[in-house]
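Biologist: Please show me the model, and let us then discuss its confidence and its charged pairs.

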Amino acid sequence: MWMLGRLSRPLTSFDRGGPTLKFARLVAATAIATTLAALQLTPAFAETLRLSHNTNDTTTWQKGAEKFNELLKEKSGGDLDIRIFPNAQLTGGDQMKQAEMVGRGALDFVVTSAINVTPLVPEMAVFSLPYLYTDYDDVDATTAGAPGDRMEEIMAGHGIVVLAWGENGFREVTNNVHPIKTPDDLKGLKMRVAGPMYIDVMNALGANPQQMQWTETFSALQQGVVDGQENPIGAVIIPQRVYEVQKYITPWHYSYDPIFVGVSQKLWDSWDAERQEMVRAAAEEAMDYQKKITREDTASGIEFLKEKGMEVYEANAEEIDAFRQATKSAYDTWAAKVGPELVALFEDTVANSGDDAAKPAN
């Protein structure tokens, strides 16, 4: 009886395939199409790559790395994601080892400075030869010109593709003993340095250089293990709070240090040309941003450091020239190690950048 009742009831428009059924079918078909389209556009999973850099997560190095990740996610539609490891965590704090790991494919990306690569690639010391540069025009002429291209070729020979140049900056000297006004003021000071070339520079000035990882430096300054250090204002001294453990600073602009984004050649070769172009474009935009904020922080940095209690000694041109002459032996030593042709390429480029008629010769 129940079945008869069900079959004998009047047919509705839904039962007959009328407008209600057609509408329901249309809604269901639209939902399925939308879901399929979303599945096609959304990657099953993002490829997570690892990036290591030297400094902590407050620096412009970190901000540049974060910008790189942001741009890479955007340009890849979420296919690529970068996990950032500050303070050289993946190498146990060894900032020199990062490039070597990238070179053999054990690490995907590195953001590091030229001076930190010199144990692996001695030619990178050319950027930091004492008093090679006078100003940012000189710097930009090399990183954006033939010298930068040549350094990228050299790095490629070590398994690292340089994607873009950023900025650590002009390195300034700080200490806790007394103001540094002349080369003699450095005599006997225990100075933390980043690499071998700076050991020779400090020896030429009569200081007692101590090569030390950056992760160990703050506590060494705090405890008096070393008297001073040298680093850029905007990229390191301010964000790493060096002013909390140092009393005196002399902006002597004695050495410049670029940073760069490097990627493992093995990883690079695994990508097609379209992805390579996308990754390079993201790196270039990120380093343009990093360089801009580093220079802005450097420009306002002296006043900030004064407010924080540091005593600033502004050396005049004659005093700067005294430091230049005192470090000439270190310049010559490292110019020979780097190679005369490479040094000449940098010197010629610097000489032809802007109005250099009054620039002193090295």
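The exchange below takes up confidence and then salt bridges.

Modeller: This is a predicted model, in which local features need pLDDT of at least 70, side-chain atom pairs count only at pLDDT 80 or more, and totals for chains, interfaces and linings use all residues. Residues are numbered from 1 along each chain as its sequence is written, and side-chain values use heavy atoms, with hydrogens and water left out.

Biologist: What is the mean pLDDT of the protein?

Modeller: pLDDT is the predictor's confidence in each residue, from 0 to 100. In this protein 85% of the residues reach 70 or more, and the mean pLDDT is 89.

Biologist: Over which residues, at the start of the numbering, is the pLDDT below 50?

Modeller: Where pLDDT is low, the predicted coordinates should not be read in detail. The pLDDT is below 50 over residues 1-16.

Biologist: Which residue meets Arg-171 in a salt bridge?

Modeller: A salt bridge is a side-chain nitrogen of Lys or Arg within 4 Å of a carboxyl oxygen of Asp or Glu. Arg-171 is buried (under 20% relative accessible area, 1.4 Å probe, protein chains only), with a value of 2%. At 2.5 Å, N to O, the partner of Arg-171 is Glu-230.

Biologist: How many residues apart are Arg-171 and Glu-230?

Modeller: Strands (E) are DSSP runs of at least two residues, numbered from the N terminus. Arg-171 lies in strand E5 (residues 169-175) and Glu-230 in strand E8 (residues 228-232). The pair links distant parts of the chain, and the separation is 59 residues.

Key
Contact = heavy atoms within 4.5 Å. Helix = DSSP H or I, 4+ residues; strand = E, 2+ residues; numbered from the N terminus. Buried < 20%, exposed > 50% of the residue type's maximum accessible area, 1.4 Å probe, protein only.
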